[in-house]
Amino acid sequence: MRRLENSVAIVSGGARGIGEGIVRRFVEEGAKVMITDLLDDLGQALADELGENTAYHHLDVTSREQWATVVAAAEARFGKLDTLVNNAGVLVFNRFDDHTDAQIDMLLNVNLKGVIYGSQAAIPAIERAGGGAIINMSSADGLEGANAVSVYSSTKFAVRGLTKAMALELGFRKIRVNSIHPGGIFTPLANPHNMSKEEYDRNYWIYPAQYAGEPRDIAAAAAYLASDDARYCMGTELAVDGGLTAGHYYMGFPGSPAAPQG
Ligand SMILES: NC(=O)c1ccc[n+]([C@@H]2O[C@H](COP(=O)([O-])OP(=O)(O)OC[C@H]3O[C@@H](n4cnc5c(N)ncnc54)[C@H](O)[C@@H]3O)[C@@H](O)[C@H]2O)c1
């Protein structure tokens with residue numbers, strides 16, 4: 001069953017990684033998708049590959065003006081807007097003390113203000129369509145603290161809180177707002193050292209799944225939250241993280257995994 005038949009979505013940061021996975025899954029489920037990103041070549045190539053049910057538009061999520069243009073373009077091209085996926089994000093690995101003003105501003109502007117601007121731009125259009133869904137991409141780092149990603153983590157905790165407040169204000173206006181919390185998904189953002197998937201997976205033996213996830217794992221969650229199957233989900237935080245935030249093992253005690261050989 002194609003769960004997103006006759007629906008129209010905008011996906012930010014849709015040219016690669018998790019966003020690309022969401023675009024592909026939404027199209028498979030019958031949606032029409034406005035792909036947006038800063039990476040115009042990749043985004044246009046994806047739209048060319050997927051055909052007439054998609055279009056590409058440049059979008060810097062930190063610009064209110066560009067958001068207004070993109071929402072209008074989605075309505076003009078596909079007739080309405082049902083779903084916004086606030087997926088675009090940036091990550092900086094740094095010791096907390098060493099974060100620069102430029103890094104702090106970039107993280108807050110893209111990861112938090114981008115979600116606020118996008119949602120504010122999309123709400124009137126989604127209301128014109130009779131209701132719909134907003135899906136905010138938070139993180140496992142929006143559920144737990146971690147070293148090296150303190151300021152990023154603060155933006156993802158903020159998105160989690162924002163999602164719940166938006167769910168309260170928008171639920172009775174027929175817009176469901178939920179957050180997804182990916183962890184350990186094999187994409188350029190999470191793999192700054194350009195490891196192979198096999199190498200990357202080795203670091204994950206300390207988590208229940210024992211391998212890194214892929215964009216399609218998050219895309220499946222987004223398709224669910226966009227669809228009527230999730231009609232009763234409002235302010236839900238959906239962790240899709242291979243068990244990364246489920247807790248921790250007492251290594252060497254009963255029930256813990258064995259360390260890999262070699
Ligand atoms: N990969 C993971 O393990 C992981 C874990 C938790 C959360 N996330 C979140 O998932 C989302 C997608 O990340 P990903 O792993 O696919 O990374 P990615 O770097 O592959 O994709 C991010 C996309 O966002 C775009 N982008 C960056 N700044 C932008 C801006 N100002 N305006 C518009 N687009 C912009 C990039 O061009 C890129 O296409 C992010 O919000 C990220 O924080 C990822």
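Asp229 counts as exposed in this predicted model. The assignment follows because Asp229 has 12 C-beta neighbours inside 10 Å, and a residue is exposed if the number is 12 or fewer. Asp229 is found in the loop between helix 7 (215-226) and strand 7. Leaving aside neighbours within four places in sequence, Asp229 is in contact with Arg3 and Tyr224. Ser179 lies 50 residues from Asp229 along the chain. The C-alpha atoms of Asp229 and Ser179 are separated by 16 Å.

Two loop residues other than glycine have positive phi values. Ala148 is one of them, with a phi of about 75 degrees. Ala148 sits in the loop between strand 5 and helix 5. Ala148 has 13 C-beta neighbours inside 10 Å and therefore counts as partly exposed. Asn194 also has a positive phi, near 55 degrees, and is not a glycine. The place of Asn194 is the loop between strand 6 and helix 6 (197-202). Asn194 is exposed because 8 other C-beta atoms lie within 10 Å. A positive phi is also found at a glycine: Gly30, just after helix 1, has a value of about 105 degrees.

The strands named above belong to an open sheet. This sheet has 7 strands in the order 3-2-1-4-5-6-7, with parallel pairing. Strand 3 (54-58) and strand 7 (237-240) stand at the edges. Each has a single partner strand, so one side of each is left without a neighbour in the sheet. Neighbouring strands are turned by 20 degrees against each other on average, direction ignored. Strands of a sheet pair through backbone hydrogen bonds, either parallel or antiparallel. Strand 1 (residues 8-11) pairs with strand 4 (residues 83-86) in the parallel sense, over 3 bridges. Opposite Val11 stands Val85 of strand 4.

Two helices that pack on the sheet were examined. Helix 3 (residues 64-78) touches strand 1, strand 2 (32-37) and strand 3. The direction of helix 3 makes about 150 degrees with that of strand 2. Helix 5 (residues 150-171) also packs on the sheet. Its contacts are with strand 5 (132-137), strand 6 (175-182) and strand 7. The direction of helix 5 makes about 165 degrees with that of strand 6.

Helix 1 has 12 residues. From its first C-alpha to its last, helix 1 reaches 17 Å, close to the 16 Å expected at 1.5 Å a residue. Helix 1 is mostly covered, with 10 of its 12 residues buried. Among the buried residues are the glycines Gly17, Gly19 and Gly21. Ile18, Ile22, Val23, Phe26 and Val27 are buried too. The buried set in helix 1 also includes Glu20 and Arg25.

Helix 1 also contributes to the surroundings of the ligand. With 3 residues, helix 1 (residues 17-28) gives the most to the shell around the ligand. In total, 31 residues surround the ligand. The closest are Gly13, Gly17, Gly89, Thr187 and Leu189. By residue class, the shell divides into 17 nonpolar, 11 polar and 3 charged residues. Gly17 thus belongs to two descriptions: Gly17 is buried in helix 1, and Gly17 is among the residues closest to the ligand.

Note on methods:
Residues numbered from 1 in each chain as written. Predicted model: local features only at pLDDT ≥ 70, side-chain atom pairs only at ≥ 80, totals over all residues. Near = placed C-beta within 6 Å. Helix = DSSP H or I, 4+ residues; strand = E, 2+ residues; numbered from the N terminus. Nonpolar A, V, L, I, M, F, W, Y, C, P; charged D, E, K, R; others polar. Pairing = 2+ DSSP bridges. Axes fitted to C-alpha atoms, helices over the stretch in contact; angles between N-to-C directions. Contact = placed C-beta atoms within 7 Å. Expected span 1.5 Å × (residues − 1). Buried ≥ 20, exposed ≤ 12 C-beta atoms within 10 Å, placed from the backbone.
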